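Please examine the structure shown below. The report that follows describes its elements and contacts.

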Amino acid sequence: MNNLFIFITSISLFFFIINRSVVASFSSNDLIGVAPQDEVYYKELWSSGGGSVKCRDGSKSFTKAQLNDDFCDCFDGTDEPGTSACPTGKFYCRNAGHSPLIVFSSRINDGICDCCDGSDEYDGKTNCTNTCWEAGKVARDALKQKIATYQQGVTIRKHETDEAKISAAKDEAELSKLKSEEKVLKGIVEKLKEHKEQIEKVLEKERIQKEKEEKQKKEAEESKLKEQKGEDKVDEPVKSDDDKADILDNSPAGQEHAESALEVVHNAHASLDNGEEHSVMEEDTSEVAPVSDPDTGLGSKGEDATKDIDSLSREDLGREIGSRWTGKKTEQQNHDVDDVKNDDRTSVDVQDEESNGYDTETEEDHQNYEDDTEDHMDDVADEANDDSSSSYNYEPDEEVDMSDIESESNPSWFEKIKKTVRDVLQAINPLQTPVDTSEAETVRKEYDEANGKLLKLRSKISRLTKKLKSDFGPEKEFYSLYGQCFESKQNKYVYKVCPFKQATQEEGYSTTRLGNWKNFEESYSVMLFENGDNCWNGPDRSLKVRLRCGLKVEVADVNEPSRCEYAATLTTPALCLEGKLKELKDELEVLDKQQPQIHDEL
Amino acid sequence: MITNLNPNANTLINSKRFRTILNCKKLKTKSPHQTLTSPLFSTPQKNKEKTYLFHHFTHKNPNSYSYYYDHNNTTMKKSIHYLIYLTLFLSYLTTTTHSWKKEEFRNCNQTPFCKRARSRHPHSCNLIPSDVTITNNGDLVAKLKTKPNPDQDSSDDHNPDLEFSLSVYKDGILRVKIHENQEKDKKRFEVPDVVLDEFESQKLWLQRFKKEVIGDDLLESFVVYLSDGYEVVLRSDPFEVFVREQGSGGARILSFNSHGLFDFEQLRVKKEGEDWEERFRSHTDSRPYGPQSISFDVSFYGADFVYGIPEHATSLALKPTSGPGVEESEPYRLFNLDVFEYLAESPFGLYGSIPFMLSHGKSHGTSGFFWLNAAEMQIDVLGSGWDAESKIALPSDQKRIDTLWMSEAGIVDAFFFVGPKPKDVVKQYASVTGTSAMPQLFATGYHQCRWNYKDEEDVKNVDSKFDEHDIPYDVLWLDIEHTDGKRYFTWDRTLFPNPEQMQNDLASRGRRMVTIVDPHIKRDEGYHIHKEASKNGYYVKDASGKDYDGWCWPGSSSYIDMVNPDIRSWWADKFALSEYVGSTPSLYIWNDMNEPSVFNGPEVTMPRDALHYGNVEHRELHNAYGYYFHMATSDGLLKRGGGNDRPFVLSRAFFPGTQRYGTVWTGDNTAEWEQLRVSIPMILTLGLTGITFSGADVGGFFGNPDTELLVRWYQVAAYLPFFRGHAHHDTKRREPWLFGERNTQLMRDAIRVRYTLLPYFYTLFREANVTGVPVARPLWMEFPEDEATYSNDEAFMVGNGLLVQGVYTQVLLFSFMTYSPPYG
């Protein structure tokens with residue numbers, strides 16, 4: 001250690017001697033580690049009176065002898081730009097041929113070449129070859145490539161933001177149109193409802209009247225019969241009891257039915273579970289308590305749980321105890337349950353959230369959605385097999401389902417319905433008795449139809465409103481991502497990122513939600529998905545998507561750096577910013593300036 | 001011995017990437033006991049005893065008594081902030097602290113030998129030494145005979161004589177062995193390969209004994225020389241052994257069986273109808289050799305406190321476990337166990353066992369007692385007044401702490417150390433079991449671990465982040481997931497396709513890698529280790545003689561029988577670069593689960609009736625199993641490097657002597673303040689009992705530490721001998737740069753302080769290597785006269801020159817105090 005110190009001292013001494021000849025001036029060796037633009041700061045040190053310079057933080061000052069003497073005088077490292085004495089110091093390497101680099105003072109003479117020009121290793125113990133030219137060339141090429149991408153990207157982005165503005169305006173117009181239609185339709189529906197209710201009232205009255213008459217008639221007949229025969233009254237309830245018994249007798253058949261249904265369910269379960277089910281069966285037969293409680297992991301306590309442990313077979317006990325550390329077995333079980341759940345959720349899931357927002361939607365409609373999505377997902381899955389990254393629209397159902405009220409495709413439907421209703425209302429007089437039943441039917445039908453349309457209209461409005469409320473960035477540059485999903489296939493998983501909606505991880509038939517759309521972060525360079533499916537003994541899953549400039553929208557590098565906290569990147573032209581392009585160009589310019597010069601030297 | 005930091009040593013370390021060497025004037029020590037805190041500098045105030053501390057970033061304002069965690073915030077904001085934290089913290093506590101499954105482990109009442117020994121009455125021992133002679137080997141020997149009882153027919157239940165021997169070693173060490181006649185089929189186990197070979201050469205050959213009548217004794221007692229100023233007395237009736245200051249009225253130092261609690265269950269033939277089996281929960285212990293336990297009392301005189309007997313998560317000064325005012329307390333248990341989520345205050349036995357106790361007091365100073373025995377042990381510290389009923393005639397003018405030692409099997413092989421200074425005792429102990437191995441410099445730096453760094457890219461990324469954030473570190477660790485299906489010595493080639501390249505890349509920046517190798521071997525015919533071990537019969541056997549088949553990470557597993565030196569040698573060869581495919585010279589090893597942990601065994605370990613080499617039952621050597629495994633691994637690395645590369649092996653289980661083979665850590669702790677707090681006494685205790693190179697997982701293994709706790713943990717751990725961040729796979733990532741620039745800076749500073757002090761630490765490790773005096777010391781080791789230090793386990797000394805006080809609570813707005821001993 002002393003040797004090193006002496007060595008360094010002798011180096012500084014050496015520099016010092018050289019400097020004597022250049023009084024009131026300095027060479028670059030004096031100011032080792034100082035960036036050219038900062039050299040002027042140290043000028044005072046060479047003033048005739050042997051001046052001193054203040055530390056940048058203003059705390060102290062130092063003399064020329066203290067400059068790079070490998071002893072930290074300034075807390076901020078001003079006096080030691082070229083040694084590792086100050087922990088907060090920074091060292092500047094020129095790296096001619098490549099770009100200059102500022103490294104931590106800890107890198108100086110630490111035996112590792114950090115600067116491509118090797119200037120950080122000047123104590124003679126480590127020989128660094130100058131690799132700046134090669135590195136610079138590679139860096140320049142990469143930079144050029146990046147600039148090319150940005151140039152194209154900026155154009156695409158411009159186009160997209162223009163488009164987005166048009167689309168947004170269109171959607172706004174559409175929304176206000178739909179809203180006014182909704183208002184009218186609501187009026188119609190109310191009228192029809194009123195009409196329908198009046199008819200129904202009349203019909204009800206008629207029915208009651210009719211019943212009364214029939215009852216009277218029946219009573220009259222009965223009293224006649226009574227007179228003829230005696231007292232059959234007792235038999236009747238007995239008979240009805242028999243009927244009940246019959247029903248009860250039939251019940252075993254019903255049970256059988258239920259049992260076979262259960263069997264089907266069980267089989268389905270078995271086929272889903274595959275190997276896992278096998279072990280469960282073994283446990284069942286081995287006179288030992290069946291599958292352990294999935295809760296006997298970390299969280300559980302108390303006698304019950306531990307009794308379970310005692311009754312486990314040796315192997316299961318090992319698994320169970322081990323699972324406390326890993327959470328694996330228990331998780332596996334949860335996973336199986338998830339699988340079953342997911343079987344019907346996989347397809348529904350995409351719609352779930354949607355339908356929550358639209359309580360008014362009928363079951364039928366919902367069913368349609370499912371079918372549509374399922375079909376569609378199959379298509380996508382096929383694509384995904386070939387391609388590791390792909391995208392699709394997730395709301396095609398909107399088109400299909402809403403076609404009958406889609407104003408663009410069929411602008412006259414609205415007028416039509418208004419006319420029909422007018423006709424109906426005129427033609428039918430609800431106060432007229434007796435009511436013509438076919439007419440009543442017509443009114444009811446019209447009402448149902450109009451009401452159905454109203455509900456669909458409302459859901460459409462709600463969707464559009466939701467879309468328009470979303471944050472698409474300052475220039476609506478993310479507008480086109482709405483309603484789209486992007487996939488990336490990694491090993492056995494397919495990751496699906498649907499901006500503004502949700503992100504999932506799919507493995508075979510099982511889907512795990514990585515998160516619901518939260519928002520953009522870090523000035524629109526990150527998409528956040530949160531509150532996904534919960535992890536055993538861990539947090540709810542979440543996904544952070546880092547956005548990068550790229551010509552196509554693609555998901556890549558899906559990763560799980562922390563358990564159940566996922567990360568991915570998504571390239572999109574939306575991130576190809578003009579300002580950044582300019583920066584890159586400037587950077588290249590600086591590099592190019594240095595290039596020919598050093599090339600000549602070489 | 002210790003040199004203070006050389007202020008001229010500017011770049012203190014030349015090793016690659018041992019960066020960030022501070023060169024500030026403040027490191028020039030001005031006084032022999034510079035007080036450096038973590039990261040607080042203490043500044044003496046008018047009140048000489050107490051010192052107020054300041055955050056070192058706010059030391060511009062040294063008159064303020066407030067202590068700030070983040071000086072940028074206003075105090076008002078902060079208090080709210082902390083209250084929120086506190087609330088969160090409390091709610092967190094309520095949900096997680098009770099995961100330790102107490103009922104799955106035996107307590108004393110469920111352990112027959114313990115229950116029995118605890119219920120014995122003082123003076124129930126009816127043995128007296130006879131035929132006392134000095135042998136040709138310079139030992140004093142005797143036969144311990146049962147005293148004839150005039151009230152009883154002595155022909156019944158007559159135990160054979162026990163063999164007693166007493167030897168004296170250099171520097172005030174007394175060794176007492178009590179054994180039964182070994183002419184039986186089953187030999188009682190004597191723990192091999194723990195006592196140093198060279199220790200025997202330090203034996204003082206006894207030439208003669210002196211006879212003396214003590215008090216009103218009817219029989220003569222025997223007195224021999226121990227060391228200058230001390231002698232040993234073998235008292236005949238009542239039978240006891242004690243060390244005293246020279247002269248018939250000399251003050252007692254230590255004594256054995258002064259309360260007559262000695263009992264030795266000799267092996268015997270099973271009587272008809274006798275049931276020797278022991279059942280605990282679903283497990284049955286066949287106990288083919290029946291009861292064979294040993295118990296006795298040991299008294300420490302002039303003692304204010306007793307210390308030692310790790311591993312327990314408890315205070316440094318051991319609290320009484322029995323006696324007036326102590327209700328329902330368990331003895332300190334020594335039984336190596338893999339305890340899931342252990343508690344921060346419990347006498348329950350953890351991963352390792354060292355049956356070595358020290359006492360310290362104002363009047364005598366320090367003394368020590370060590371029982372070399374590897375079976376389950378239970379130790380009671382008896383609170384004063386425990387013997388009020390028994391009318392024991394011991395000198396009452398001397399302060400005394402009595403203890404009760406109980407073991408399931410083995411023999412009495414006991415060592416008494418006279419001290420009288422704290423460092424004398426640890427040196428005396430080290431002369432029996434060895435000093436700690438000298439670590440390589442890299443091992444004393446910062447280690448980064450996680451279960452698990454997933455793949456090569458992850459490793460690369462973490463490694464480069466350290467450089468990016470200018471945080472020094474030396475070793476990157478890979479946990480079990482790096483293997484191919486938990487087959488140790490293999491790699492998961494999907495995740496780690498090029499392990500050599502990965503290690504070489506780290507090595508190019510002077511860094512090392514550590515991989516995990518556990519003693520459970522996957523029972524898989526395609527796995528070369530299993531194939532060889534089963535073919536050669538290298539596994540521990542079950543009671544029926546078949547290879548014992550337990551359950552651990554890989555599933556069905558067997559356990560290498562490390563007690564056999566030949567098997568250890570075979571195992572050591574597995575670490576040759578040619579054998580361990582994918583290893584390079586910069587790879588070192590981590591031995592985990594070596595208690596051994598058996599997921600489906602009784603108390604998560606191996607059945608006591610499992611059989612080892614030499615027909616030794618597992619019950620007899622349980623606590624030493626992990627030690628032999630550690631030894632074999634360490635020997636492997638030594639062989640690999642041709643004797644020129646000092647091994648680094650971290651072990652979870654330990655036993656006396658472990659210090660010669662490597663490092664230990666305190667196992668699976670939890671990310672809670674109280675666990676940070678208890679890590680200090682745990683590490684200090686390990687240091688006192690020989691294992692100086694120890695540490696706790698920084699941040700806590702289970703759970704997510706809040707940022708303040710993590711920062712505090714780094715700040716304290718930087719001053720502890722083994723410095724490694726580690727985390728469970730369910731936790732969030734917690735590398736030091738993930739908590740915002742401010743916290744990155746705090747953690748970076750903490751780690752850098754460690755690197756700044758590396759030469760000091762390295763020097764201290766060398767001191768420990770030569771003398772046995774630990775790197776991290778309880779205050780009373782440096783200030784033995786100062787009673788205020790005796791039970792302080794919040795502050796500690798690094799060497800003799802640095803006092804460290806950690807912060808173990810969320811600091812609200814209160815001032816913070818540490819003890820500052822007066823300069824001696």
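## Elements and domain contacts

The span of residues 440–467 of chain A is 100% helix and 0% strand, and its end C-alpha atoms lie 41 Å apart. Helices (H or I, at least four residues) and strands (E, at least two) are DSSP runs, numbered from the N terminus. An unreviewed UniProt entry places the feature "coiled-coil region" at residues 440–467 and 574–601 of chain A; UniProt positions are given in the numbering used here, feature names are shortened, and annotations may be inferred rather than shown by experiment.

The model is predicted: local features need pLDDT of at least 70, side-chain atom pairs count only at pLDDT 80 or more, and totals for chains, interfaces and linings use all residues. Residues are numbered from 1 along each chain as its sequence is written, chains are lettered from A and ligands numbered from 1 in the order in which they are written, and side-chain values use heavy atoms, with hydrogens and water left out.

**Domains of chain A and chain B**

Domain bounds come from an automatic or database domain assignment. For chain A the assignment gives domain 1 (28–129), domain 2 (138–211 + 412–469) and domain 3 (479–576). Chain B is divided into domain 1 (108–433) and domain 2 (517–657). The contact in chain B takes 40 residues from domain 1 and 32 residues from domain 2, where contact means heavy atoms within 4.5 Å. In chain A, 16 residues of domain 2 are in contact with 10 residues of domain 3.

The table gives the separation of domain centres, taken over C-alpha atoms, and the buried area.

| Domain pair | Centre separation | Buried area | Share from carbon and sulfur atoms |
|---|---|---|---|
| Domain 2 and domain 3 of chain A | 33 Å | about 1100 Å² | 68% |
| Domain 1 and domain 2 of chain B | 31 Å | about 3000 Å² | 53% |

Buried area is the accessible area (1.4 Å probe) that two parts lose on being put together, summed over both. Of the area that domain 1 of chain B buries against domain 2 of chain B, B:Phe189, B:Asn336 and B:Asp338 supply 21%, more than any other three residues.

A salt bridge is a side-chain nitrogen of Lys or Arg within 4 Å of a carboxyl oxygen of Asp or Glu. The rule finds 0 salt bridges across the interface of domain 2 and domain 3 of chain A, whereas the count between domain 1 and domain 2 of chain B is 8. The side chains of B:Glu620 and B:Lys186 meet in a salt bridge, with N to O at 2.6 Å.

**Strand pairing**

Two strands pair if DSSP finds at least two bridges between them. In chain A, strand β11 (residues 542–549) pairs with β10 (residues 526–531) in the antiparallel sense over 4 bridges, and A:Val526 has A:Arg546 as its bridge partner in β11. Strand β11 also pairs with β13 (residues 565–572) in the parallel sense over 8 bridges; here A:Cys549 stands opposite A:Thr572.

In chain B, 9 strands form an open sheet with parallel pairing, in the order β36-β35-β34-β31-β27-β26-β25-β38-β37. Strands β36 (694–695) and β37 (697–698) of chain B stand at the edges with a single partner strand each, so one side of each is left without a neighbour in the sheet. Within chain B, β31 (residues 587–591) and β34 (residues 649–651) pair in the parallel sense over 3 bridges, and B:Ile589 stands opposite B:Val649.
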